[in-house]
Amino acid sequence: MTVLLWILGILAVPTLLFVLWLAGVFLKEFFSTSPSDSGSDSEEGLAAQAAEKAGLLPAERQNTELSGPLPAEWAAALTAVPGGDWRAAAALLEAVGRDWERRSAVAYLLAERAAEADDWLLAWEKERPEDPDAAVVRARSTVILAWELRGAKRARHTTEEQFEAFHRTLRSAREEIARAAALNPDDPTPYITEIWVALGLGYPHSEMDKLWTEITARAPYHFEAHFSALQFWCAKWRGSQRLAAGFAERAAAGAPLGSLLTALPLIAHFEHDESEDTAADNTPEMVARVDAGLADAAAADPAHPRLPELRHLLAFYLHLQDRDEAALEQFRLVDGYVNALPWRYRGDPAAYYCRVRNTTAKLVAEAAATPA
């Protein structure tokens with residue numbers, strides 16, 4: 001009998017252990033946070049809560065196609081063209097007139113639509129074959145199409161067929177650019193468009209210098225022109241870090257307040273910064289660049305179409321410099337739009353933007369809650 005009880009006791013041990021384990025699992029699940037609440041006390045969750053309390057939008061509500069809101073008349077024209085209404089686009093460019101900054105911005109937005117489907121532009125060209133506005137949109141759309149054919153991947157991940165289509169389309173765009181320039185000789189937009197041909201086809205530096213002379217003779221402080229030229233001079237394309245930095249510093253130094261060209265040294269730094277920490281972003285030189293950008297933004301026309309691009313950069317670098325209250329002010333001014341540096345180089349720009357912005361909002365909230 002004693003032996004039997006001993007055997008039954010041994011057999012009962014695994015059962016008892018199983019019951020104890022099951023009870024432990026039950027208690028853990030009972031007292032654990034529900035999935036919907038998980039992460040609410042994490043750093044990321046707290047940062048998201050701080051951003052929400054500050055009235056900032058979540059990632060799913062960020063516009064990934066624009067850097068800032070469009071004027072109502074621009075949005076109306078862009079909405080009309082896919083339905084074939086080219087007259088709204090024509091009227092918009094006519095109204096913009098010789099405001100070269102806005103002309104190039106509108107032409108680019110329309111050209112993006114034409115690169116997707118150009119029935120409306122073909123109808124415009126048929127009715128007004130010598131219209132310089134239609135011509136400049138056509139030139140820009142062809143260049144945009146060329147870059148879409150190439151794709152956004154690095155050269156080693158781009159096929160020979162993609163490169164052939166890319167180069168062929170860029171070469172054809174040169175004729176369209178020349179025609180647009182001839183139809184409106186004062187307009188710098190065709191020459192700005194050609195910078196992206198120069199970048200893609202690899203113009204010699206001497207040819208780029210000639211092109212730049214044509215642009216600055218017409219619009220010496222044009223933001224898009226300077227941004228595009230800076231890309232040409234970057235090490236990843238046709239220049240070097242030294243050439244890009246030199247171009248950016250000269251342009252910023254010679255530009256009037258409100259031109260937004262103080263963005264260029266920040267962009268040149270961003271394009272070539274391969275450091276793993278923020279030390280390079282906190283040098284006295286970088287702090288001075290950010291301060292210059294703040295003064296530039298304050299002096300700019302609030303409706304300048306490129307102002308949000310500078311503000312995005314300022315928000316990013318102010319945060320890296322632990323100037324979070326000032327960074328949050330810039331984030332508030334651009335929130336809802338993320339198609340700008342530094343966010344757009346990421347696979348998920350909205351997520352990256354919100355991560356940096358949320359951290360900024362959390363730090364500001366914590367500082368406000370800390371007794372003086």
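**Group meeting: burial, cores and cavities in a predicted helical model**

I begin with one residue, Glu309, which is found in helix α15. Everything I describe today comes from a predicted model. Is Glu309 buried or exposed? Its relative accessibility is 12%, and because the cut-off for burial is under 20%, Glu309 counts as buried. Setting aside neighbours within four places in sequence, Glu309 is in contact with Ser67 and Phe223.

Glu309 also has a part in the next topic, the internal space. A search of the whole structure finds one cavity of 30 Å³ or more. The largest cavity holds about 50 Å³ of space. Which residues line the largest cavity? They are Phe227, Ile267, Glu309, Leu313, Ala340, Leu341 and Arg344. By class, this lining divides into five nonpolar residues, no polar ones and two charged ones.

Let me now place this in the overall architecture. The protein has 17 helices and zero strands. Of its 372 residues, 45% are buried. Among contacts with a separation of 6 or more, 69% are between residues 24 or more positions apart.

I turn to the nonpolar interior. In soluble globular proteins, nonpolar side chains tend to be buried together. In this model, the largest nonpolar core has 65 residues, and those with the most contacts inside it are Met208, Ile215, Leu230, Tyr317 and Trp343. Which helix gives the largest share of this core? It is helix α15, residues 307–320, with nine residues. Apart from this core lies another, of 28 residues, which includes Ala77, Val81, Leu110 and Trp124.

Met208 deserves a closer look. Beyond its neighbours within four places in sequence, Met208 is in contact with Ile195, Ala198, Ala229, Phe232 and Trp233. Two of these partners, Ile195 and Ala198, are among the buried residues of helix α9, and that helix is my next subject.

Helix α9 spans residues 189–201, 13 residues in total. From its first C-alpha to its last it reaches 19 Å, close to the 18 Å expected at 1.5 Å a residue. How many of the residues of α9 are buried? Eleven of the 13 are, so the helix is largely enclosed by the rest of the structure. The buried set consists of Thr189, Pro190, Tyr191, Ile192, Thr193, Glu194, Ile195, Val197, Ala198, Leu199 and Gly200. Against which elements do these residues pack? Their partners are α5 (100–116), α7 (132–150), α8 (160–183), α10 (205–218) and α11 (223–233). Just after α9, Gly202 takes a positive phi of about 75 degrees.

Within α9, I single out Thr189. Its relative accessibility is 0%, and Thr189 therefore counts as buried. With neighbours inside four places in sequence left out, Thr189 is in contact with Arg103, Ser104, Ala107, Val136 and Arg140.

Two further residues provide a contrast in accessibility. Arg242 is in helix α12, residues 241–254. Because the threshold for exposure is over 50%, Arg242, at 63% relative accessibility, counts as exposed. Although Arg242 and His272 are 30 residues apart along the chain, their C-alpha atoms are separated by 9.8 Å. Thr283, in turn, is in the loop between α13 (263–272) and α14 (284–299). With a relative accessible area of 28%, Thr283 is partly exposed. Thr283 and Gln321 are 38 residues apart in sequence, and their C-alpha atoms are 9.1 Å apart in space.

My last topic is an open site, the second largest pocket. Its volume is about 330 Å³. Its lining has 18 residues, and those nearest the centre of the pocket are Glu44, Ala48, Cys354, Arg355 and Asn358. Which helices each supply at least two residues of this lining? They are α2 (43–53) and α17 (349–369). The largest share, seven residues, comes from α17. By class, the pocket lining has nine nonpolar, two polar and seven charged residues.

To close, I return to the starting point. Glu309 is buried at 12% relative accessibility, and Glu309 is one of the residues that line the largest cavity. Its helix, α15, gives the largest share of the largest nonpolar core.

Conventions: Residues numbered from 1 in each chain as written. Predicted model: local features only at pLDDT ≥ 70, side-chain atom pairs only at ≥ 80, totals over all residues. Heavy atoms only, no water. Helix = DSSP H or I, 4+ residues; strand = E, 2+ residues; numbered from the N terminus. Expected span 1.5 Å × (residues − 1). Buried < 20%, exposed > 50% of the residue type's maximum accessible area, 1.4 Å probe, protein only. Contact = heavy atoms within 4.5 Å. 1 Å grid on protein atoms, 1.4 Å probe; cavity = no way out; pocket = protein on both sides within 12 Å on 5 of 7 lines; lining within 4 Å. Points joined across faces, edges and corners; volume = space filled by probe spheres on them. Nonpolar A, V, L, I, M, F, W, Y, C, P; charged D, E, K, R; others polar. Core = buried A, V, L, I, M, F, W, Y, C linked by side-chain atoms within 4.5 Å.
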